Amino acid sequence: MLEQYVRLRDEVDAQLPNALLLFQCGDFYETFGEDAERAARLMGLTLTHKTSKDFSTPMAGLPVRAADSHIEKLLSQGVRVAVADQLEEPGTGLMDRKVTQLLTPGTVTEERLLSADENFLAAVATGDGYALALLDLSTGEFRCASFGTRSALYDDLSRWRAREVLLAPELGGNAALLSDFQTRFPVMLSHTSFDEDAARAELLSVLGDLPASLNTPALIRACGAVLSYARGTQQGRLEMVRRVSRYEPGAQLRLNDWALRALEVFHPQHLHSVSESTLIGALSETRSAGGRRRLRSWLRAPLRDAVSIAARQGGVDALLRAGDLRNGLRALLYRAHDLERLAARVATRRAGPREVAALARTLELLPDAAALLEGQEGLLGSLRNRLGGCPRWWR
């Protein structure tokens, strides 16, 4: 059994160096050797020893039924986790085991381990300035941007609260730069390929073409690297990623982490203050999980363009004036499940029957939403047009 563990340990190291391997033995996930010492320290487990006439190795385990809470604790500390499950019922002889999950802070898709907020994996490369790629595998959101200064890059990494950052070799190999990144962003990885040719191939494989917006080698390298790393953790399945959008940081108000805290946008400054004392607490009347994420995204990156601001205000004004429309849309959204995350789980073939049914119920609401928005202009009219291709095909 330990030989099997060592073999799986080597497989994990080839894909995800320094990951903690949880090895199923009946009703427990066990760890051995250095992994056991690390698990005992990080999760407060009891450290024992597995002993035979030839050897003795540290050992620490946790019940399978309690694995989610322990994995969540590990991910919150920036630890990557590999899970090796038994593939057959207990019997005589050695059971077959296989690594079934590779979990990292920035690539989690399991709803039970996700927060309500975005869960971005980031990659940074250099060239003419800095290039940043951000990917949320739980929804398929994929965006990128270029920055002229490191301080502007830091502001965006903080603003989007990247859970995991991949650094190109020219950054990870510079001790001073690496230390600076690690000081600001506690979760840091640099074990993936940033080769430009490999990045181009990755983009072509996932997106089908090379978007014209990726017009610098640095952007190509960052976007390709983040896809390559994500593909490894998802065992090759990236069907939820369909496009990459390039955003211009200058089109949004720059609010770094310090400003967001000082303005109490998301968190109160005083420990005993209630969440309603924050800006999002005062504004949040959303009826769906996707709506909450969108509101948080808007508050992190307020618009600067007058035309875009006027369009958004026009949509709000139209809803304020049309009470029946507003109440109808709110009633539909109240019945909606988290469409983005459900679609991502279905695309990666990780959805169970309940999730597939929830997806169907939510899709069934879209034609009703389109009917409510019929005849609207401006932003609401644009939304109506985007919902025009949603027939009731499942009936």
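Two strands count as paired if DSSP finds at least two bridges between them. Keep that in mind for this tour of a predicted model.

**Stop 1: β2 and β4.** Select residues 28–32, which make up strand β2, and then add β4, residues 56–63. The two strands run antiparallel, with five bridges joining them. For a specific spot to zoom in on, pick Tyr29: across from Tyr29, in β4, you'll find Leu62.

**Stop 2: β1 on β2.** Now bring in residues 20–25, strand β1. β1 also pairs with β2 in the antiparallel sense, here over three bridges. Click Phe23 and look across to β2, where its bridge partner is Glu30. Then follow the chain round the hairpin of β1 and β2: two residues sit between the strands, and Gly26 has a positive phi near 70°.

Before leaving, switch on a surface. How many of the five residues of β2 are buried? Four of them are, so the strand is mostly covered.

**Stop 3: Gln234.** Jump to the loop between α8 (217–233) and β12 (245–246), where Gln234 is found. Is Gln234 buried or exposed? Its relative accessibility is 1%, so Gln234 counts as buried.

Show the side chain of Gln234 as sticks and check what it reaches. One distance to draw is 3.1 Å, from the Gln234 side chain to the backbone oxygen of Thr107. Another is the 3.3 Å polar contact between the side chains of Gln234 and Thr233. To fill in the surroundings, select Thr107, Thr109, Leu137 and Arg350, which Gln234 contacts once neighbours within four places in sequence are left aside.

Conventions:
Residues are numbered from 1 along each chain as its sequence is written. This is a predicted model: local features need pLDDT of at least 70, side-chain atom pairs count only at pLDDT 80 or more; totals for chains, interfaces and linings use all residues. Side-chain values use heavy atoms; hydrogens and water are left out. Helices (H or I, at least four residues) and strands (E, at least two) are DSSP runs, numbered from the N terminus. Buried means under 20% relative accessible area, exposed over 50%, partly exposed in between (1.4 Å probe, protein chains only). A polar contact is a pair of N or O atoms within 3.5 Å; within protein, one must be able to donate a hydrogen and the other to accept it, and residues adjacent in sequence count only if both atoms are side-chain atoms. Contact means heavy atoms within 4.5 Å.
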